[in-house]
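Please examine the sequence and the structure shown below. The paragraphs that follow lead through selected contacts between side chains and then through a pocket.

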Amino acid sequence: MSDTRPPRRRSSGWVIGRVAGAPIILAPSWLLAAVVLTLLFAPTVRSWSPGLGGRVYAVALVFVVLLFASVLVHELAHGLVARARGQQPQEFVLTLLGGHTSFGVAAPTAGTNALVAVAGPVANLVLGGAFLAAANAVGTGSLLGLMLFAGAFSNGFVGVFNLLPGLPLDGGAVLQSAVWAATGNRHTGTVVAAWCGRVVAVGVFAWAFVLPFAQGRQPQLTDAVWGALIGAFLWTGASGAMRGARTQDAVDRLTVETVGHRAAAVGHTDSVAHASSVAAAAGADDVVVLAPDGRPAAYVDRAAAAGVPAHAAGTTPVTSVAVTLPVGSVVDGALTGRDLLDAVGRAAQHSPVVVAVTDGRVVGLVRVADVVAALRT
């Protein structure tokens, strides 16, 4: 499974290696998963080979290790194909629920998105076929043959399961890409694939809990646990993808006009009255005060300016009601979407209010709080 959201910080866990310039991280939750899955798989292994006795748990643990190795192969395939297509992987993480690969930027095209997504399942299916051929050559009656068959099963399961057509699975990313290519809208593709992910989640629940009753039998404990875990994982992932799509759509729509206020510029020697008249003539909500060199140096505090009596406005310097802007509190007013968000984020390190300038002319004033509110809304 791939995740195109850039991580805010590195995931917690142990770095066990690096591939394609990105760390491979073993999350602490993996240890819990290893113990739980070993206990869950032990009865299945015992049914396959009743003569193992106490070794059944060791074989089950090997199966779990092979399962997570299959997940790692899956994630590395995502990362290597993505890097070849211009997407740098940030980290490969093995977790309680499998794994994920994070990238610094989203796939630029629907084709790249689909290729990166399908690379993981294809790698598992190829590896699963190799394990199956080896298992048939050795024979499943021996312990080695059983382990090889376990490798074939784990890779086959990871490959086929991830091809189910719903986010957050890779098959969902392929579906997302198909809808994106057909409509020209990434957001539409994500929403459709996320809803399909919810349908798949309900289907998994039904398979684990409803189907047994429909067949007149009680659900098996192992099937019920797996159905609950996988169904909850899919539903949560699909819902997260839908929220992410809404956020991404909001980011794509960002412009200075949608999150900022029109601003007019005045000189540092002008009066409050002059600043008010300039703003009124320009239809501006805010006023930016320019330094002698023409650089945006401050912005007028509306409340302070409103508190100046009318009879004194003509003699009150505009600088007396202005808030100083640190160097670096300027963004390009022509930027949109992610580029604008990144620029505001960098400028916000200096000031919670930034000036938008286009072709050397002040066009707006952007408050970081307004940007955050727009994304939340």
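In this predicted model, arginine 338 has a relative accessibility of 38% and therefore counts as partly exposed, since that class lies between the limits of 20% for buried and 50% for exposed. Its partner in a salt bridge is aspartate 342, and the closest N and O atoms of the two are 3.9 Å apart. Aspartate 342 is likewise classed as partly exposed, because its relative accessibility is 34%. Both aspartate 342 and arginine 338 belong to helix α11 (residues 337-347), where four residues, about one turn of the helix, separate them.

How many salt bridges does a search of the whole structure find? The search finds four. Another of them joins aspartate 249 to arginine 253, with 3.0 Å between the closest N and O atoms. Are these two residues buried or exposed? Aspartate 249 counts as buried because its relative accessibility of 18% falls under the limit of 20%. Arginine 253, by contrast, has a relative accessible area of 58% and is therefore exposed, the limit for that class being over 50%.

A further salt bridge brings together the side chains of aspartate 286 and arginine 367, at a distance of 3.2 Å from N to O. Aspartate 286 is part of strand β7 (residues 286-290) and arginine 367 is part of strand β12 (residues 361-367), so this pair ties together parts that lie 81 residues apart in sequence. Both aspartate 286 and arginine 367 are buried. Salt bridges with shared partners also link Asp286, Arg302 and Arg367 into one network.

The discussion now turns from contacts to empty space. Rolling a probe the size of a water molecule over the atoms reveals where such space remains. In this model, the second largest pocket holds about 480 Å³ of space. Its lining is made up of 22 residues, and those closest to the centre of the pocket are Leu96, Leu97, Gly98, Phe157 and Trp226.

Which elements give two or more residues to this lining? They are the helices α1 (29-48), α2 (56-84), α4 (143-162) and α7 (221-252), together with the strand β5 (98-103). Of the contributors, α2 gives the most, with five residues. When the residues of the lining are sorted by character, 17 are nonpolar, four are polar and one is charged.

Notes
Residues numbered from 1 in each chain as written. Predicted model: local features only at pLDDT ≥ 70, side-chain atom pairs only at ≥ 80, totals over all residues. Heavy atoms only, no water. Buried < 20%, exposed > 50% of the residue type's maximum accessible area, 1.4 Å probe, protein only. 1 Å grid on protein atoms, 1.4 Å probe; cavity = no way out; pocket = protein on both sides within 12 Å on 5 of 7 lines; lining within 4 Å. Points joined across faces, edges and corners; volume = space filled by probe spheres on them. Nonpolar A, V, L, I, M, F, W, Y, C, P; charged D, E, K, R; others polar.
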